[in-house]
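Let's take a quick tour of how the parts of this model meet. Have a look at the sequence and the structure first, then read on.

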Amino acid sequence: MIKTLILLISLTLFASEPISPIPTNIKVNLAKAKLGKKLFCDTILSKDNSTACVSCHNLSKGGADSNVVSSGYAHNKGNIQSPTVFNSRYNFKQFWNGRAGNLTEQADGPINNPDEHNMDPQTIEERVNNSQEYKKLFKEVYSTSYITYKQVLESIVEFENALTTPNSRFDKFLRDEIQLTKDEKDGYIIFKQYGCITCHNGINIGGNSFQKMGTFLDYEMQDDYPDRSKITKNPNHKNVFKVPTLRNISKTAPYFHDGSAKNLKEALTIMAKHNLGIKFETEEVEKIISFLKTLDGEQPKILEEI
Amino acid sequence: MKLKQLMYLVLAIGIISSIAIVYFYLIQKDFTKQHREFLLSVNALENAHLDLEHQILQNSIYSYTNQDKIASAMIKTEERYNSLTKFEILNNPTYKDTKKNIHSLQKNLNQNLKNIEDYIMLNAGIKNSLVFLNRHIEKASYLIEKDRELFIQASKIIKHFNDARRVQDLDYINRDNFLLNSKSNNAKTQSFIDGFNLHSKYLVKRYPIFLKTTKTILNNDIHILIERLKQKFSSSAMSDFKALDIFAFTLFSVFISSLFLIVILFLNYLKENKKLKETTASLKHSLSYDHLTDLHNRRAFESNLLKISKPHLLILNIDGFKYINDIYGNDVGNIILQELAQILKDKFSSRENACLYRLGGDEFGVLFNNISDENAYEIAKELVNKIINHNFIVYDLTLHLMVSVASNSIVPILENADLTLKVLKKDYTQRVLQYHNNLNLQTDVKENMNTIELIKAAVDDDKIIPYFQPIINLKTSKIEKYEALVRIKLKDGTLLSPYKFLDISKKTSYYHFITKTMIEKTLKMAKEFPQYRFSINISMIDILDTKLTHILFTSLDANQDIAKRLDIELLESEDIHNLAAVKDFITKLHAFGSKILIDDFGTGYSNFSYFSDLDIDLVKIDGSIVSEIETDNRKLHMLTSIHKFSNGMNMKNVAEFVETREVALLLKEIGVEYAQGYYFSQPLERPLENDEVTI
C-alpha cells in the first residue's frame with residue numbers, strides 16, 4: 001500500500017517535470033518503414049532526378065541541412081532552414097509555420113513544391129510503377145499490383161515515424177538511470193530559471209507551440225518569410241514560428257528559421273537578447289550548452305540496418 | 001378460387017408487414033445507435049474542451065508546464081469536432097437546426113483555438129519576465145546597502161506584479177509607477193535598472209492583453225453552445241422517435257390483423273376444401289362404379305386388370321336379355337340386373353381374390369387373381385346353376401334367366417373371353433366355356449381384319465376387277481359367253497380369289513361397291529365384245545339391295561343392246577328368303593332379254609321347288625359333281641339326272657370345273673349344252689377375239 005502510494009507520488013512528481021523522455025518502444029511497421037526509407041533516399045521523387053527527401057534532411061547530420069537554405073529542383077534555393085526530420089512525429093504541427101497538421105501533409109509539401117522536388121502525384125505514380133523493384137517491394141507490403149501516391153506518402157511517413165532518437169543522456173537522467181554532471185545539471189537549472197523551458201518543453205523540448213522571434217527586442221524581419229502570419233493572416237503573427245525542438249540540437253547547425261546562428265553560442269546569445277531580454281554570462285552559456293548536448297539521442301535504429 | 005387468392009393476398013400483406021417490422025427494427029436500431037453515438041460524440045467534444053481548459057488553467061498557474069498536453073488537447077478538441085460533423089444523421093432534414101448549432105460552435109471553437117495560440121505566446125513572455133524580475137531583485141541584494149531606496153521601489157513594483165498575476169487583476173499594477181527612474185553611475189546598478197525597466201515595460205504593456213485573452217478563453221460560450229446543441233438534438237430526435245413509434249404501432253396492427261384474417265380465411269378454406277373433397281369422392285366413385293348395380297364399371301375393370309399379376313376373368317351374359325327389355329320394359333330389365341348383381345355380390349363378397357364388374361348392358365365380369373382354370377370352371381358352373389334356379393320376382397312377375405359364362409386366363413383377357421362368349425352363344429348345348437388357344441378365334445379375327453383392310457385398299461385404289469372365263473357351246477365348239485368373276489389385284493400384282501374376301505365383304509358396306517363395280521366393268525367389256533354374251537354373279541343380298549338393283553336396271557335401260565346379252569347367275573348356295581323379290585327381279589331382267597342362271601346347283605340349299613316358282617333359263621351344275629363324273633358313277637348319274645330334269649323343264653345346263661378332255665367329251669356325249677373350266681381356259685383379263693375352241 002505504502003509502496004504504491006510512493007510510486008504514485010513519484011509518478012506525479014515525474015509527470016510534473018516539463019520535459020518527458022522519448023519512448024523506447026514505439027511500434028513501427030518495419031517492412032513499410034524500410035520501403036519508406038528507400039523512397040526517402042530516392043531522387044526519382046524529384047522531376048529532374050536531382051533531389052530526394054534525404055537531400056535536405058541529412059540522416060547523418062541530425063536529419064537536417066547544414067546549409068542555411070537547401071537547394072532543390074534545378075538548384076533552386078529554399079526560403080527557410082530545413083528543420084530536422086528526427087522526432088518530427090512528436091511535433092504538434094509540421095513546418096516552421098505549422099501549415100501541416102501531420103507528417104503526411106508535410107511530406108506532400110516539398111514533393112509538390114516547384115523549388116524542391118517539383119513533382120506531381122501522377123508522375124510519381126508513373127515512375128514507381130515503372131520500376132520493377134518498387135513494384136516488387138510494394139507488392140510485399142501492400143499486396144497490390146498498382147502503387148498509389150497515397151501509399152508512397154504512407155511509406156515515407158512510416159519511415160519518419162521510425163526516426164526517433166531515444167535514450168539521450170537527459171532522457172536517462174529523467175528516468176533516473178544516470179546522474180548528470182554538475183555543469184549539465186547547472187545548465188538545465190539555468191535553462192529553467194531563465195524561462196527557456198517556458199517554450200522549450202514537452203517530449204521534443206519545443207515543437208508544441210508557436211512563438212514570436214523577438215519577444216523583447218524585435219528580430220530582423222523579412223516580409224517573404226513563410227511565418228505564422230502567412231497562415232493566420234494576423235499581422236501580430238509576423239515572425240511567429242513553431243518553437244523548434246532542441247533534441248540533437250548540437251548536430252543541426254545552423255540554427256533558427258533563417259540559419260543565422262552558426263553555432264549554439266550564437267544561437268543562445270540571440271535568444272537571450274531577443275526572446276528573454278537578458279544577457280547570459282559566458283559561464284552560463286557554457287553550462288547551457290553542456291546541458292543541450294545531453295539531449296543528443298541514439299541514432300534511429302532503422303538507420304543502423306542496411 | 002377467390003378465397004384462395006384472397007388468402008394469398010392477406011398472407012402477402014402479413015409477410016410484407018413482418019418484413020417491414022424487421023426492417024423497421026433495424027432502422028430503429030441504427031437510428032438509436034446513431035443517436036447515442038452522436039450524443040457520446042458531443043460529450044467527448046465537451047470533455048476534450050474541458051480538458052483543454054483545464055490544461056490552460058494549469059499552465060496559467062505554474063510558471064512552466066509541459067505544453068505537449070495543451071497541444072494534444074487542442075488536437076483532440078479539433079478531432080472530436082471533426083468527427084461530430086461527419087455524422088450521417090445530420091444530413092436528415094430533421095436535424096437542420098442541430099447542423100446550424102454545430103456550425104456556430106465551429107466558429108467559437110476555431111476562435112478559441114486561435115486565442116489559445118495567442119495566449120501561449122503571451123504567457124511565455126509574461127512568465128519569463130516575472131521570473132526574470134524576481135531573480136533580478138534577488139541577484140541585486142547588494143543594493144540593500146548601496147541604494148536601499150531603489151531596492152525597495154523595485155521590490156514594491158515586483159510585489160505589485162506578483163499580486164496582479166496571483167489575482168489576475170490589473171488594478172494591482174500601479175500604472176504611474178512601474179519604472180525605476182533613478183540613474184546610477186554604477187554600471188552594475190545601471191544595468192540592473194535597464195534590465196528591470198525592460199521587463200517592467202513589457203509586463204505593463206502585455207499584461208492587459210494577456211489577461212483579456214485568458215478571460216476570453218475561459219469565459220467562452222462553448223459550454224453553452226454544446227449544451228444547446230445537445231438539447232436541440234434531443235428534441236429533434238424526440239419527434240423522430242415519436243414518428244417511429246407511430247410507424248411501429250401501425251405496422252404491428254397491420255400484422256396482427258392480417259394474422260387474424262389469415263386464420264379466418266384458413267378456416268373458411270378448410271370448410272370449402274371438405275365440401276370439395278366430398279364432391280371429388282362421389283365423382284371418383286361414379287367414375288369407377290356402375291350407378292345401377294353399384295358394381296365396378298368397365299373403366300375400373302380396365303385399370304384393375306393391369307394391377308393384377310395372374311388374372312382370370314369370368315364373363316357372364318344373360319341369354320336373350322334384349323327380349324326381357326322389349327317385352328317387360330327397361331324398368332323390369334334394370335331390376336333384374338340389380339338382382340343379378342346382388343346374387344353375384346352374395347356369392348363373391350367373401351372371396352378376397354375376386355372382384356365384380358358390370359362390363360356392359362347385360363354383361364358382368366368376375367375378375368379373379370391367382371385361381372386355377374379348373375377351379376374357375378367349377379365356380380362358373382355353380383354360378384350358372386344358381387342363377388338358372390333363381391326366381392327373379394319383379395312386381396308380380398316371376399322370371400327365370402339363362403346365362404352363359406365364358407372363362408379365360410390368357411392375355412388378352414377381355415378380348416379372349418368375349419370371343420369365347422360369342423362361340424358359346426352359337427352353341428346352346430353348353431352354358432360354360434373355357435377359352436383355349438385351339439379355338440383359333442383370335443387368328444380368324446385377325447385374318448378377317450386384314451382382309452377387310454385389303455378390301456378397303458382395293459376399293460380406294462380401284463383394284464376390284466372382273467376376270468372373264470369363257471363358256472363353250474359343246475355342240476359348236478365355239479365360245480358363246482364369258483362369266484365375269486371378281487378379283488382383287490394386290491399391290492404386288494397377284495390376284496386375290498373371291499373365296500378369300502367375298503364372304504367377309506358381305507358383312508361390310510364394301511360388298512355393295514364390289515357388285516356395283518362388277519356390273520359397270522362387265523357392261524363396259526360387253527360393249528367392246530358384241531360377239532359374246534356375258535354373265536354376272538348376283539347374290540340374295542344384291543337383290544334385296546334396292547340401291548344396287550336401281551343402279552343395275554338404270555344402266556341396263558341405258559344400254560339395251562348390251563342388256564339382252566347380259567345374263568345373271570343367282571347363287572344357289574344361298575337360301576332364298578324373299579321369293580317375291582326374286583320373282584320380281586327375274587321378271588324385270590327377262591324384259592331386257594337377260595337370261596337367269598342358277599349357280600352351283602347340286603350342293604347346299606339345292607331346292608327343286610325354286611324351279612316351280614321361278615322362271616329360270618339355265619342351270620349350272622356344281623363343280624364338285626362335274627369334276628368327278630369320269631371316276632364316280634354316282635356323280636355321273638346325278639349329272640345325267642339333273643340334265644334330264646333341266647331339259648324337261650326347258651332349261652339348259654352349264655358344267656363348270658371341266659379340267660380334262662375326257663370330262664369334256666363325256667359331257668358332250670351326255671348332251672350337256674355348255675361347259676367351262678381350266679381345260680378350255682382359266683379366267684382371263686380380256687375375252688379372246690377368236691371364238692374357236694377344239695375339244
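**Where the pieces touch**

Between chain B and chain A, 17 residue pairs are in polar contact, with both partners at pLDDT 80 or more. Keep in mind that this is a predicted model. There are two meeting places to look at here: one between the two chains, and one between two domains inside chain A.

**Chain B against chain A**

- Chain B brings 25 residues to the contact, and chain A brings 33.
- Together the two chains bury about 2,400 Å², and 54% of that sits on carbon and sulfur atoms.
- How many salt bridges link chain B and chain A? The count is one.
- That salt bridge pairs B:Glu117 with A:Arg228, and their closest N and O atoms are 2.8 Å apart.

**Which parts of chain B do the touching**

- Three helices of chain B each give two or more residues to the side that touches chain A: helix 2 (68-85), helix 3 (96-139) and helix 6 (187-218).
- Which of these elements gives the largest share? That's helix 3 of chain B, with 13 residues.
- Sorted by class, the side of chain B that touches chain A has 10 nonpolar residues, eight polar ones and seven charged ones.

**Two domains within chain A**

- The domain assignment splits chain A into domain 1, covering 30-163, and domain 2, covering 169-293.
- Measure from C-alpha centre to C-alpha centre in your viewer, and domain 1 and domain 2 of chain A should come out 27 Å apart.
- Their contact takes in 23 residues of domain 1 of chain A and 25 residues of domain 2 of chain A.

**How the domains of chain A meet**

- Domain 1 and domain 2 of chain A bury about 2,000 Å² between them, with carbon and sulfur atoms giving 60% of it.
- Which three residues of domain 1 of chain A supply more of the area it buries against domain 2 than any other three? They are A:Phe92, A:Trp96 and A:Asn97, which supply 34% of it.
- Between these two domains of chain A, the salt bridge count is zero.
- Polar contacts do turn up, though: eight residue pairs between domain 1 and domain 2 of chain A, with both residues at pLDDT 80 or more.
- On the side of domain 1 of chain A that touches domain 2, the classes come to eight nonpolar, 11 polar and four charged residues.

Notes: Residues numbered from 1 in each chain as written. Chains lettered and ligands numbered in written order. Predicted model: local features only at pLDDT ≥ 70, side-chain atom pairs only at ≥ 80, totals over all residues. Heavy atoms only, no water. Domains from an automatic or database assignment. Contact = heavy atoms within 4.5 Å. Buried area = accessible area lost by both parts, 1.4 Å probe. Salt bridge = Lys/Arg side-chain N within 4 Å of Asp/Glu carboxyl O. Polar contact = N/O pair within 3.5 Å; in protein donor to acceptor, adjacent residues only side chain to side chain. Nonpolar A, V, L, I, M, F, W, Y, C, P; charged D, E, K, R; others polar. Helix = DSSP H or I, 4+ residues; strand = E, 2+ residues; numbered from the N terminus.
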